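Reader: I should like to study this structure through a series of questions. Please show it to me before we begin.

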Amino acid sequence: MGSDGPASSNNHNLFQAMKVAALLQKGVHRDPTIMTAEKVLEMATIDGARAIGLEHLVGSLEVGKRADVVIVDTSHPAMTPIHHPVSSLVYSALGHEVSDVFVDGAYLLRNGEFTQLNQKEVMARSQRAAHSLAVRTGNDKARGWRSATF
């Protein structure tokens with residue numbers, strides 16, 4: 001499940017997207033069993049890969065596929081106690097518990113530190129690109145707070 005972004009949900013947090021996906025289905029259907037944590041994790045991994053036609057390359061740990069791995073530090077207070085690991089990941093993880101990330105076998109995040117990029121520079125470039133887009137589309141003017149009127 002690729003996380004979208006600020007234009008539609010105001011963040012890039014896949015863990016939050018998993019939790020919301022599970023909770024929304026339970027609320028809409030008024031059935032706490034309708035969406036399991038395991039299904040949500042599948043949606044975020046192999047089902048996400050299927051959705052973009054890349055299930056033969058990514059989405060699960062299998063021989064011949066790219067080694068994309070995220071390691072979550074389960075000793076973080078937000079993850080404690082753990083009764084069911086998958087449920088804890090889906091319902092308790094906030095995102096900052098990710099300690100290490102491998103993409104296609106390359107070690108990109110080690111002990112919470114990026115290994116192949118300068119995070120501040122990437123964020124600055126992103127902000128400049130967003131501002132440039134806002135200017136080009138006429139959306140760069142400050143918008144004041146306005147409450148809903150009914």
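Reader: In this predicted model, how many residues apart are arginine 50 and aspartate 47 in helix H3?

Author: Helix H3 covers residues 46-51, and arginine 50 and aspartate 47 both belong to it. About one helical turn separates the two residues, because they are three residues apart.

Reader: What is the distance between the closest N and O atoms of arginine 50 and aspartate 47?

Author: Side chains of opposite charge can pair when their charged atoms come close. A salt bridge requires a nitrogen within 4 Å of a carboxyl oxygen. Arginine 50 and aspartate 47 form such a bridge, and their closest N and O atoms are separated by 2.6 Å.

Reader: Is arginine 50 buried, partly exposed or exposed?

Author: A residue is buried under 20% relative accessible area and exposed over 50%. Arginine 50 has 48% relative accessibility, so this residue counts as partly exposed. Its partner aspartate 47, at 21%, also counts as partly exposed.

Reader: Which residue of helix H2 forms a salt bridge with glutamate 42?

Author: The partner lies three residues from glutamate 42 in helix H2, about one turn of the helix. In this bridge the closest N and O atoms are 3.8 Å apart. Glutamate 42 is partly exposed at 39% relative accessibility, and the partner is partly exposed at 33%. The residue is lysine 39.

Reader: Is lysine 65 buried or exposed?

Author: Lysine 65 forms a salt bridge with glutamate 62, with 3.2 Å between the closest N and O atoms. Glutamate 62 is partly exposed, having a relative accessible area of 47%. For lysine 65 the relative accessible area is 16%, which lies under the 20% cut-off, so lysine 65 is buried.

Reader: Which residues do salt bridges that share partners join into one network?

Author: The count of salt bridges comes to six. Salt bridges with shared partners link four residues into one network: Lys39, Glu42, Asp47 and Arg50.

Reader: Which residues touch the most other members of the largest nonpolar core?

Author: In soluble globular proteins, nonpolar side chains tend to be buried together. The largest nonpolar core here has 15 residues. At least two of its residues come from each of helix H1 (14-29), helix H2 (37-44), helix H4 (85-91) and strand S2 (98-103). The members that touch the most others are Phe15, Met18, Val40, Val72 and Val98.

Reader: How are the rings of phenylalanine 102 and tyrosine 107 arranged: stacked, edge-to-face or tilted?

Author: A search of the whole structure yields one aromatic pair. Its members are phenylalanine 102 and tyrosine 107, whose ring centres are 4.2 Å apart. Phenylalanine 102 is partly exposed at 23% relative accessible area, and tyrosine 107 is partly exposed at 25%. The planes meet at 20 degrees, under the limit of 30 degrees, so the pair is stacked.

Reader: What accessible area do Phe114, Leu117 and Val122 have together?

Author: Phenylalanine 114 is found in strand S4, residues 113-114, and counts as partly exposed at 39% relative accessibility. With Leu117 and Val122, Phe114 forms a nonpolar patch on the surface, and their accessible area together is about 250 Å².

Reader: In what order do the elements of the protein chain run from the N terminus on?

Author: The secondary structure consists of five helices and four strands. Of the 150 residues in the protein chain, 19% are buried. From the N terminus on, the order of the elements is α-α-α-β-α-β-β-β-α.

Notes:
Residues numbered from 1 in each chain as written. Predicted model: local features only at pLDDT ≥ 70, side-chain atom pairs only at ≥ 80, totals over all residues. Heavy atoms only, no water. Buried < 20%, exposed > 50% of the residue type's maximum accessible area, 1.4 Å probe, protein only. Patch = residues over 30% accessible without salt bridge, like charges linked within 9 Å, V, L, I, M, F, W, Y side chains within 5 Å. Areas by Shrake-Rupley, 256 points an atom, 1.4 Å probe, with all protein chains shown as cover. Salt bridge = Lys/Arg side-chain N within 4 Å of Asp/Glu carboxyl O. Phe/Tyr/Trp six-rings, centres within 6.5 Å; stacked < 30°, edge-to-face > 60°. Core = buried A, V, L, I, M, F, W, Y, C linked by side-chain atoms within 4.5 Å.
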